[in-house]
Amino acid sequence: MNVKSRLFRIIQASKNNPNISFAASNAATILNAANVSMNNQNWDNVNLSHAILDRAFLEGTSFKEAILDNVSFFQTCLDNTDFTNASINQAYFGEYASFQGHSKSVNSVQFSPDGTKIVSGSSDNTIRLWDIFSGKVLCELKHSYSVAWVQFSSDGSKIISAPRDTTIELWDISSRKLIRSFNGHKDDVNSVHFSPDNSKIVSSSADKTVRVWNVLSGKVLQILRGHSEPVYSAHFSPDGSRIVSCAWDNTIRLWDASSGKQLQILEGHSGWINFTQFSPDGSKIVSCAWDSTIRLWNASTGVQLQILEGHTSVINSVQFSGDSSRIVSASYDNTVRLWDVASGKQLQLLEGHLRGVNFAQFSPDGSKIVSASEDNTIRLWNSSPTKQSRSLNEHFNSVTS
């Protein structure tokens, strides 16, 4: 009997003997490493926990009632694969789901605070609310213009949106109705964000201003002037006391949220700056630009701390994870990338979008990433890099082959 046949027999034997699950897992991993096709197998009830089946060929294979906990299926061919009643706890598929329905570019996407829903804004003039688990559209809100930006309030009850015109709109999720419009900008609104307590919103615009609004009254509280080109992003600090903004004048500016006074100018990017944000702990600022770099800054001193390089085209958005340890970035090079804040090293490259990626964000618990692209899709990814599943320690001397 040749080795390949023996490995297939070990996998089959795991159906009736839980004591050889490790051997079966290793057998499947070895077959995959040798590029052996595993298409059209009857592997109902097998136990392959922790197997590494990245890029495997499993078309038409049946895994009914199988135990596939912690199996890695990254970029695996799974056409017509049957997972009926299989256990797939902590199985890694790389990308969790693709949400399709928008007919044009998806410009912005956000997780709900509880991580169960996604809101998206698109150039097809709609906002869509999606259920993460089913992938179904829960509701659709129609605009007269392309939607440049959407965001949930921190309690998940409202959505703020920026159509590609001078208006900002506040929506009630439960009733699906427009609560209020905010008018005052003289050119397109590029981003809009709630303050941490949801009492204010901050907006950035192509009219070169940043505006602070009272949510209840709809009135402008502050107009922040200083940028000399369109402003593409503005965010409150975690305590709501400051605002950070960036513009196509290649500068990042810090403002006092109450007085509107400009506090600092951060310079270093050599191209138009698309996005900037405080870290959740308030100690750092991250920015991205047309120069294909991500930069980290000390939020108190304005000193540049890191330059993160790897993207090959314009970077459209950057976001910190909830614990401030990682950054996710989205670029016109069609990729989403994860970075380690402490070292500045790239942790993960997520490929799958067919066109430029406009936005990416961590889920509230940091386990997933959602991304929005000009290929009209929203994609959901696992944010943890593929890890070594098991260390095999039975040899007593050097392993040479």
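Asp 207 is buried because its relative accessible area is 15%, where buried means under 20%, exposed over 50% and partly exposed in between, with a 1.4 Å probe and protein chains only. Asp 207 lies in the loop between S11 and strand S12 (209–214). Helices (H or I, at least four residues) and strands (E, at least two) are DSSP runs, numbered from the N terminus. Beyond its neighbours within four places in sequence, Asp 207 is in contact with His 185, Lys 186 and Asp 187, contact meaning heavy atoms within 4.5 Å. From Asp 207 to Ser 237 the C-alpha separation is 23 Å, with their positions 30 residues apart in sequence.

The model is predicted: local features need pLDDT of at least 70 and side-chain atom pairs count only at pLDDT 80 or more, whereas totals for chains, interfaces and linings use all residues. Residues are numbered from 1 along each chain as its sequence is written, and side-chain values use heavy atoms, with hydrogens and water left out.

**Overall architecture**

The chain contains two helices and 28 strands. The C-alpha trace spans about 80 × 50 × 30 Å along its principal axes. Of the 401 residues in the chain, 53% are buried. Considering contacts between residues at least 6 apart in sequence, 39% join residues at least 24 apart.

A second loop residue, Ser 175, lies between strand S8 (167–172) and strand S9 (177–183). Ser 175 counts as partly exposed because its relative accessibility is 35%. The C-alpha atoms of Ser 175 and Ser 270 are separated by 45 Å, and these residues are 95 apart along the chain.

**Two four-stranded sheets**

Strands of a sheet pair through backbone hydrogen bonds, either parallel or antiparallel. Here two strands are taken to pair if DSSP finds at least two bridges between them.

One open sheet has four strands in the order S10-S11-S12-S13, with antiparallel pairing. Its edge strands, each pairing on one side only, are S10 and strand S13 (220–225). Neighbouring strands of this sheet are turned by 15 degrees against each other on average, direction ignored; axes are lines fitted to C-alpha atoms, for helices over the stretch in contact, and angles run from 0 to 180 degrees between N-to-C directions. Within the pairing of S10 and S11, Phe 194 stands opposite Ile 201 in S11.

Another open sheet is built from four strands in the order S18-S19-S20-S21, again with antiparallel pairing. S18 and strand S21 (304–309) form its edges, each pairing on one side only. The average turn between neighbouring strands of this sheet is 20 degrees, direction ignored. Phe 275 has Cys 288 in S19 as its bridge partner.

**Strand pairs and hairpins**

The following antiparallel pairs are described individually.

| Strand pair | Residues of the second strand | Bridges |
|---|---|---|
| S10 and S11 | S11: residues 200–205 | five bridges |
| S18 and S19 | S19: residues 284–289 | five bridges |
| S16 and S17 | S17: residues 262–267 | five bridges |
| S26 and S27 | S27: residues 368–373 | five bridges |

S16 and S17 form a hairpin with five residues between the strands, in which Gly 260 takes a positive phi near 80 degrees. Across this pair, Leu 254 stands opposite Gln 264 in S17.

S26 and S27 likewise form a hairpin with five residues between them, and Gly 366 in the turn has a positive phi of about 80 degrees. Val 357 stands opposite Ser 373 in S27. S26 is mostly covered, six of its six residues being buried.

**The largest pocket**

The largest pocket holds about 840 Å³ of space. On a 1 Å grid over the protein atoms alone, a pocket is an open set of points with protein on both sides within 12 Å along at least five of seven lines, whereas a cavity is a set where a 1.4 Å probe fits but cannot get out; lining residues have an atom within 4 Å of a point. Grid points are joined across faces, edges and corners, and a volume is the space filled by probe spheres set on the points.

The lining comprises 29 residues, of which Gln 110, Gln 151, Gln 277, Gln 319 and Gln 361 lie nearest the pocket centre. The strands that each supply at least two lining residues are S2 (106–111), S6 (147–152), S10 (189–194), S14 (231–236), S18 (273–278), S22 (315–320) and S26 (357–362). By residue class, the lining divides into 12 nonpolar, 17 polar and no charged. Ala, Val, Leu, Ile, Met, Phe, Trp, Tyr, Cys and Pro count as nonpolar, Asp, Glu, Lys and Arg as charged, and the others, Gly among them, as polar.
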